[in-house]
Amino acid sequence: MDNFIELMNEVVLQQVLIHPDNEKQRKYFLKTFLNINEEIINKKEEILYKGILNHIDIDKHGFTSDIILRYDDYAIRINIYNAKNDDFIIHILYGSVIDEAGKLLELRFTKNPPHKGEIIEENYLQNTDDPADKSLADLLKIRIIDLNRIQELDNSSDINRWLKFITAENSIERYEACENDEILTELYNWLE
C-alpha cells in the first residue's frame with residue numbers, strides 16, 4: 001500500500017506548512033515565493049491561526065484553509081483552496097502591518113491554462129497609462145502553472161523544485177523534485 005501524501009489539498013498543505021517540525025521548510029517556502037529577506041524571516045515567528053478559518057463550502061467542491069504568520073511588524077496570510085473548476089490556488093497576502101496596502105501573490109495550478117506557451121505564466125498589475133512603469137507589478141502577481149506540463153520544469157531554481165514538489169503525484173516525482181535541495185529532501189523524508 002502506497003502511503004503517498006498528496007499536497008494539492010488545502011488542509012494537507014496547510015498542516016505540512018505549519019507543523020512545528022517544518023519551520024525551516026516554511027521559511028524556505030516563504031523566501032522562495034515572496035523573496036523575503038533573511039532579516040524579516042529570521043525575526044520571532046508567531047503562527048496566529050492554524051486551522052480552518054472561515055471554512056467555506058464552495059458548492060461542495062472546495063474549502064478554504066488559512067495560515068496567518070507574523071514576524072514582528074510583518075504579516076503573511078496564506079489562503080489555500082481548490083476552486084470549483086478544480087484549480088488548486090495558493091493566495092499569499094503579505095507586507096508590513098503598518099502599510100496600508102499589502103502585496104498579493106497567487107499561485108494557480110490548473111490543467112486548463114488560458115495560455116499555451118510557458119509552463120509558468122506570470123501576470124502582474126500594470127499601469128495602463130504607462131506600460132513601461134513596473135511600480136505596480138509587485139502589488140499583485142499571478143503565476144498560472146500548467147499542471148499538464150509541470151514535470152517538464154528543470155530543477156535549476158527553488159521555485160521550480162517547490163512547484164514540482166507540491167504537485168507531485170507519487171513518491172518518485174516528489175523525490176526527483178528534491179534533487180540537490182537539502183531542505184526539500186528533509187521535507188520529503190518527513191512526509192515519507
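What follows is a chat about how the terms used for this predicted model are applied to its residues.

Me: What should I know before we start?
Reply: This is a predicted model, where local features need pLDDT of at least 70, side-chain atom pairs count only at pLDDT 80 or more, and totals for chains, interfaces and linings use all residues. Residues are numbered from 1 along each chain as its sequence is written, and side-chain values use heavy atoms, with hydrogens and water left out.

Me: How many helices and strands does the protein chain have, and what makes a run count as one?
Reply: There are 6 helices and 7 strands. Each is a DSSP run, numbered from the N terminus: H or I over at least four residues for a helix, E over at least two for a strand. From the N terminus on, the order is α-α-α-β-β-β-β-β-β-β-α-α-α.

Me: Why is Thr 167 called buried?
Reply: Buried means under 20% relative accessible area, exposed means over 50%, and partly exposed is in between (1.4 Å probe, protein chains only). Thr 167 has 6% relative accessibility, so it counts as buried. Its place is in helix 4. Across the 192 residues of the protein chain, 44% count as buried.

Me: And why is helix 4 said to be largely enclosed?
Reply: Helix 4 covers residues 158-167, and 8 of its 10 residues are buried, so the rest of the structure largely encloses it. Among those buried residues are Trp 162, Leu 163, Phe 165 and Ile 166, along with Arg 161 and Lys 164.

Me: Which residues does Thr 167 touch, leaving aside its neighbours within four places in sequence?
Reply: Thr 167 is in contact with Met 8, Phe 109, Leu 147, Ile 150, Gln 151 and Glu 173. Contact here means heavy atoms within 4.5 Å. Take Gln 151: Thr 167 is 16 residues away from it in sequence, and the C-alpha to C-alpha distance is 8.9 Å. For the protein chain, looking at contacts between residues at least 6 apart in sequence, 45% join residues at least 24 apart.

Me: What makes Asp 72 partly exposed and Asn 180 exposed?
Reply: Asp 72 has 43% relative accessibility, so it counts as partly exposed. Asn 180 comes in at 75%, so it counts as exposed. Asp 72 is in the loop between strand 2 (64-71) and strand 3, while Asn 180 is in the loop between helix 5 (171-177) and helix 6 (182-191). Each has a positive phi in a residue other than glycine: near 50° for Asp 72 and near 60° for Asn 180.

Me: How do you know that strand 3 and strand 4 pair?
Reply: Two strands pair if DSSP finds at least two bridges between them. Strand 3 (residues 74-82) is joined to strand 4 by 9 bridges, and the two run antiparallel. Asn 82 stands opposite Phe 88, and Tyr 81 stands opposite Ile 89. The two strands form a hairpin with 5 residues between them, and Asp 86 in the turn has a positive phi of about 75°.

Me: Which other strand pairs with strand 4?
Reply: Strand 5 (residues 103-110) does, in the antiparallel sense, over 7 bridges. There, Leu 93 stands opposite Leu 104.

Me: Why is strand 4 described as largely enclosed?
Reply: Of its 9 residues (88-96), 8 are buried, so the rest of the structure largely encloses strand 4. Strand 3 is mostly covered, with 7 of its 9 residues buried.

Me: What makes something a pocket, and what is the volume of the largest pocket?
Reply: On a 1 Å grid over the protein atoms alone, a pocket is an open set of points with protein on both sides within 12 Å along at least five of seven lines, whereas a cavity is a set of points where a 1.4 Å probe fits but cannot get out; lining residues have an atom within 4 Å of a point. Grid points are joined across faces, edges and corners, and a volume is the space filled by probe spheres set on the points. The largest pocket has a volume of about 310 Å³. It is lined by 18 residues, and the closest to its centre are Met 8, Lys 111, Leu 147, Thr 167 and Glu 169.

Me: How does the lining of the largest pocket divide by class?
Reply: It has 6 nonpolar, 6 polar and 6 charged residues. Nonpolar covers Ala, Val, Leu, Ile, Met, Phe, Trp, Tyr, Cys and Pro; charged covers Asp, Glu, Lys and Arg; the others, Gly among them, are polar.
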